[in-house]
Amino acid sequence: MKLVRFTLLDEPTARSGFFYEEKIYETDGVQPIGIHKLHEVRLLSPIPRHPNFRDFMSFEEHLINVRKKFGREDVPKEWYAAPSFFYQNATSIVGPNEPIPQPAFTRELDFELEVGIVIGENGSNIPVEEADDYILGFTIINDWTARDVQRREIRVGIGFGKSKDFATSVGPYLVTPDELESKCRDTERGKVYELTMRAYVNNELITEGNLKNMHWTFAEMVSYASQGVELQTGDLIGSGTVGKGCILEHERDYLKPGDEVILQVEGLGELRNPIIE
């Protein structure tokens with residue numbers, strides 16, 4: 001099932017339902033209460049509240065590429081010891097098709113192609129072998145980043161701040177795990193999903209990767225995040241950027257007003273956002 005949040009074009013009230021065969025079926029949480037065509041609605045981020053947002057770094061290829069760009073040595077052995085994450089600004093989450101203003105403080109605006117999961121029930125100290133059961137659904141994440149600011153923040157050594165807190169795009173749907181059963185396999189470390197991931201700028205293909213290449217599984221991320229703390233229903237966890245899933249890993253110009261970034265993940269839909277002044 002593809003869960004959605006949306007508004008009708010003539011009113012601002014957020015509604016919820018699910019997407020099926022190019023239509024939105026509105027529900028009150030239990031019962032169906034309406035059917036809408038796509039051109040009659042504006043899709044919102046599928047997350048209904050400001051969640052705790054932990055963004056992991058689970059793709060080895062991306063980490064290797066980025067560290068080289070920033071003049072750092074190979075991936076430290078500590079990265080292989082446990083999943084690594086940082087907190088993001090959940091109040092800056094936006095939905096599909098929402099414009100992203102070019103921040104005045106950066107000349108190197110970049111996208112990052114990621115997959116996110118949303119936690120479906122509270123839990124703490126969750127074993128890896130049970131962690132997949134806590135996943136309510138999957139969605140696409142664009143972790144917008146100011147690379148010139150990030151370069152400065154890395155030298156300070158206390159983590160990312162202003163380089164990432166201005167916007168994160170999420171959507172268009174929250175896809176429940178049952179829809180992805182044919183694209184996953186069970187392992188001792190949790191489920192591994194084989195989903196093609198693509199990123200375009202102005203309809204030009206920039207990169208193509210696959211979710212199966214994560215070094216850490218979502219089950220391992222959920223388990224690690226829950227140690228000594230309670231994960232909350234609605235919490236968002238990001239996979240981190242797929243290998244070559246950002247401009248930094250390519251020889252090309254950074255984003256500018258007038259550009260449109262399109263992220264596609266097999267089974268999860270398409271997340272579009274234009275850049276504006």
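F138 is buried in this predicted model, with a relative accessibility of 0%. Its aromatic partner is F218, and the two rings meet edge-to-face, 5.9 Å centre to centre with 75° between the planes. If you trace the chain, you will see that this pair links distant parts of it: F138 belongs to strand β13 (residues 135–142) and F218 to helix α4 (residues 218–225), 80 residues apart. F218 has a relative accessible area of 1%, so this ring counts as buried too.

That contact is one of the aromatic pairs in the structure, for which the count comes to 11. Another is formed by F18 and Y25, and here the rings are stacked, 5.3 Å centre to centre with 10° between the planes. F18 is partly exposed at 26% relative accessibility, and Y25 is partly exposed at 23%. Elsewhere, F56, F85, Y87 and Y224 come together as one aromatic cluster.

Now let us turn to the charged residues. Side chains of opposite charge can pair when their charged atoms come close. Across the whole structure, a search finds 21 salt bridges. One of them joins R147 and D110, whose closest N and O atoms are 2.8 Å apart. This pair, too, links distant parts of the chain, with R147 in helix α3 (residues 147–156) and D110 in strand β10 (residues 109–110), 37 residues apart. R147 is buried at 1% relative accessible area, and D110 is buried at 0%.

A second bridge to look for is the one between E112 and K164, at 3.2 Å from N to O. E112 sits in the loop between β10 and β11, K164 in the loop between α3 and β15, and 52 residues separate them. Both ends are buried: E112 has a relative accessible area of 4%, and K164 has 3%. Through shared partners, salt bridges join D110, E112, D143, R147 and K164 into one network. K164 also lies over the face of F160, 5.5 Å from the ring centre. For a contrasting setting, try K77, which is exposed at 65% relative accessibility and forms a salt bridge with E78 at 3.4 Å, N to O.

Finally, follow the backbone through strand β22 (residues 260–265). On one side of the pairing list is β18 (residues 196–201), joined to β22 by 5 bridges in an antiparallel arrangement; M197 has V265 as its bridge partner. β22 also pairs antiparallel with β23 (residues 269–276), over 6 bridges, and there I262 is partnered by R272. β22 and β23 make a hairpin with 3 residues between them, and G267 in the turn has a positive phi of about 85°.

Key
Residues are numbered from 1 along each chain as its sequence is written. This is a predicted model: local features need pLDDT of at least 70, side-chain atom pairs count only at pLDDT 80 or more; totals for chains, interfaces and linings use all residues. Side-chain values use heavy atoms; hydrogens and water are left out. Two strands pair if DSSP finds at least two bridges between them. Helices (H or I, at least four residues) and strands (E, at least two) are DSSP runs, numbered from the N terminus. Rings of Phe, Tyr and Trp (its six-membered ring) pair if their centres lie within 6.5 Å; planes under 30 degrees apart count as stacked, over 60 as edge-to-face and the rest as tilted. Buried means under 20% relative accessible area, exposed over 50%, partly exposed in between (1.4 Å probe, protein chains only). A charge sits over a ring if NZ of Lys or CZ of Arg is within 6 Å of the ring centre and within 35 degrees of the ring normal. A salt bridge is a side-chain nitrogen of Lys or Arg within 4 Å of a carboxyl oxygen of Asp or Glu.
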